[in-house]
Amino acid sequence: MDFLSYLINGLGLGSVYAIIALGYTMVYGIAKMLNFAHGDVIMIGAYVAFFAISDMGLPLLPAILLSVAVCTVLGVLIERLAYKPLRSASALSVLITAIGVSYFLQNAAQLLWSSSTKVFPSVIANGGISSGGLTVSWLTLITIGVCILVMICLSLFINRTKTGRAMRACSEDKGASTLMGINVNRMISITFAIGSGLAAIASVLLCAAYPSVYPTLGAMPGIKAFTAAVFGGIGSIPGAFLGGLLLGVIEIFAKAYISTQLSDAIVFAVLILVLLIKPTGLLGKRIREKV
Amino acid sequence: MDESRRPVLEVRELGIDFGGLTAVNDLNMEVYRGEIVGLIGPNGAGKTTVFNMLTRVYQPTRGSIIFDGKDTTGCSVVDMNRAGVARTFQNIRLFSGLSVADNVRTGFHGRIVYSPFEAIFRLPSYRTKERLITGQMKELLEIFGLSEERDNLASNLPYGAQRRLEIARALATQPKLLLLDEPAAGMNPQETQELMAMIRKVRDHFNTSILLIEHDMKLVMGICERITVLNYGMMLAQGTPEEIRSNPEVIKAYLGD
């Protein structure tokens with residue numbers, strides 16, 4: 001029974017990682033860059049949701065919508081101002097810029113809202129469903145539900161709409177896509193918009209579970225979700241889901257059965273092991289180098 | 001003026017330099033509506049560079065490209081595609097991770113347009129337009145004998161089929177001018193024969209003009225109505241296949257002194 005309960009909690013945590021990992025993996029897939037500022041978009045999303053609920057007195061759903069809207073605009077702005085001018089620069093320059101944006105956001109948050117921790121109001125009722133000694137909290141259920149919903153919507157979008165198809169085409173071959181009349185810059189903007197909007201949703205789920213909001217809030221979930229994306233095979237959307245869920249489950253199991261202190265170390269050790277055996281991640285595509 | 005004698009493409013004194021190197025210089029040519037024109041020349045003559053200028057992948061250093069009566073100076077690659085220029089590639093560049101059907105569907109991107117709003121709420125207009133895309137996609141696959149392969153990944157197709165799929169994808173953008181970069185490369189004589197018939201069919205069925213680069217002289221002489229010969233980035237000769245075949249300059253460029 002304990003095992004089942006750990007598993008479900010792991011899936012709950014993993015769902016949050018998965019939603020964040022999507023942002024990394026989609027941006028990597030299309031822009032071939034690691035957006036290390038993604039975690040800090042989560043932080044901004046958390047602050048927006050916090051102020052919307054605590055200061056403006058908004059109910060949960062409008063607060064989430066506001067947070068999604070702000071993060072979407074923020075994501076597109078970051079891309080326009082920081083990454084787009086570097087489109088033809090080396091990958092290293094873009095990576096360093098991403099780290100710069102990350103520090104910028106963290107310090108801006110510190111200036112605007114101070115470094116003291118704010119307590120996120122409890123937004124989801126305590127309790128949950130219990131049967132036969134197994135209790136699953138509402139929050140876990142909702143988190144898993146949101147993750148499934150996001151997965152369904154996103155795969156419909158990617159596979160069934162022309163924008164989704166154009167995005168896949170861009171991630172395969174940008175030059176050929178432009179020659180087919182696809183505006184690559186717009187596709188990149190849309191990708192950042194979707195990834196950042198999802199980050200906002202993840203931020204609320206995260207703060208509902210760990211109710212403190214502070215400027216470096218996004219760093220750890222960000223790096224974990226990045227790990228999840230690499231674990232699943234960066235660039236692959238199903239890979240991000242699988243990687244996120246597995247990472248959550250491994251983390252909770254490690255905490256429960258091995259050691260709470262070592263859980264992060266174990267998570268990263270598993271990542272290293274997977275990459276040693278399958279360097280492209282679980283669902284990553286192997287690109288054969290032409291000689 | 002007679003409709004068919006109006007050029008869809010006019011190139012005037014076109015030239016491009018890369019650094020200090022002049023890759024193409026003083027090129028004049030035109031393609032009329034419904035015409036199949038060949039662009040030939042020895043390796044390194046600048047043929048693909050011309051294609052890259054016509055699609056605005058490269059911005060020419062000199063001269064002008066008038067497409068469909070309009071000067072295209074300042075147009076982007078996407079603008080050129082929307083205006084009606086589509087191309088295939090010398091080394092096939094399909095979206096290899098997408099299905100055959102989706103490869104063709106991407107071609108309709110700029111032609112059949114709906115907003116994300118329509119897609120999110122699955123409005124009837126979204127369904128109608130997606131159905132339209134699917135319908136036209138099926139038609140194209142049928143013409144190119146790819147219907148059976150619809151759901152396969154593009155990368156799993158045999159070589160000849162990949163070449164056909166590239167043409168189908170380019171046609172999905174509904175071009176007025178189709179640029180084919182060595183469509184017969186790597187094909188055996190039998191396949192080349194079929195390709196020639198297909199190029200003619202494309203011209204008649206889609207009402208498009210075709211400009212093609214090719215090394216296979218049987219194909220070029222067999223289907224092109226006019227031919228432009230490039231050598232060292234300069235136009236060497238222009239004329240009907242018969243004229244080109246008997247032109248001493250061309251023979252010299254191809255065979256050496």
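Trainee: How do you know how many residues chain A and chain B each bring to their contact?

Mentor: Happy to walk you through this predicted model. Residues count as in contact if their C-beta atoms, placed from the backbone, lie within 7 Å. The contact takes 16 residues from chain A and 21 residues from chain B.

Trainee: What makes up the side of chain A that touches chain B, in terms of helices?

Mentor: Helix 6 (162–172) and helix 7 (174–179) of chain A each supply at least two residues there. Helix 6 of chain A gives the most to that side, with 7 residues.

Trainee: And how does that side of chain A divide by class?

Mentor: The side of chain A that touches chain B has 6 nonpolar, 5 polar and 5 charged residues. Asp, Glu, Lys and Arg count as charged, so the 5 charged residues come from those four types.

Trainee: Now for the domains. Why is chain B described as divided?

Mentor: Because a domain assignment, automatic or from a database, sets the bounds, chain B is divided into domain 1 (1–84 + 175–257) and domain 2 (99–172). The C-alpha centres of these two domains of chain B lie 27 Å apart.

Trainee: What does each domain of chain B give to the contact between them?

Mentor: Domain 1 of chain B gives 10 residues and domain 2 of chain B gives 7 residues. On the domain 1 side, helix 2 (77–83) and helix 7 (189–206) of chain B each supply at least two residues, and helix 7 of chain B gives the most, with 3 residues.

Trainee: Which classes do the residues on that domain 1 side fall into?

Mentor: On the side of domain 1 of chain B that touches domain 2 of chain B, 6 are nonpolar, 2 polar and 2 charged.

Note on methods: Residues are numbered from 1 along each chain as its sequence is written. Chains are lettered from A and ligands numbered from 1 in the order in which they are written. This is a predicted model: local features need pLDDT of at least 70, side-chain atom pairs count only at pLDDT 80 or more; totals for chains, interfaces and linings use all residues. Two residues are in contact if their C-beta atoms, placed from the backbone, lie within 7 Å. Helices (H or I, at least four residues) and strands (E, at least two) are DSSP runs, numbered from the N terminus.
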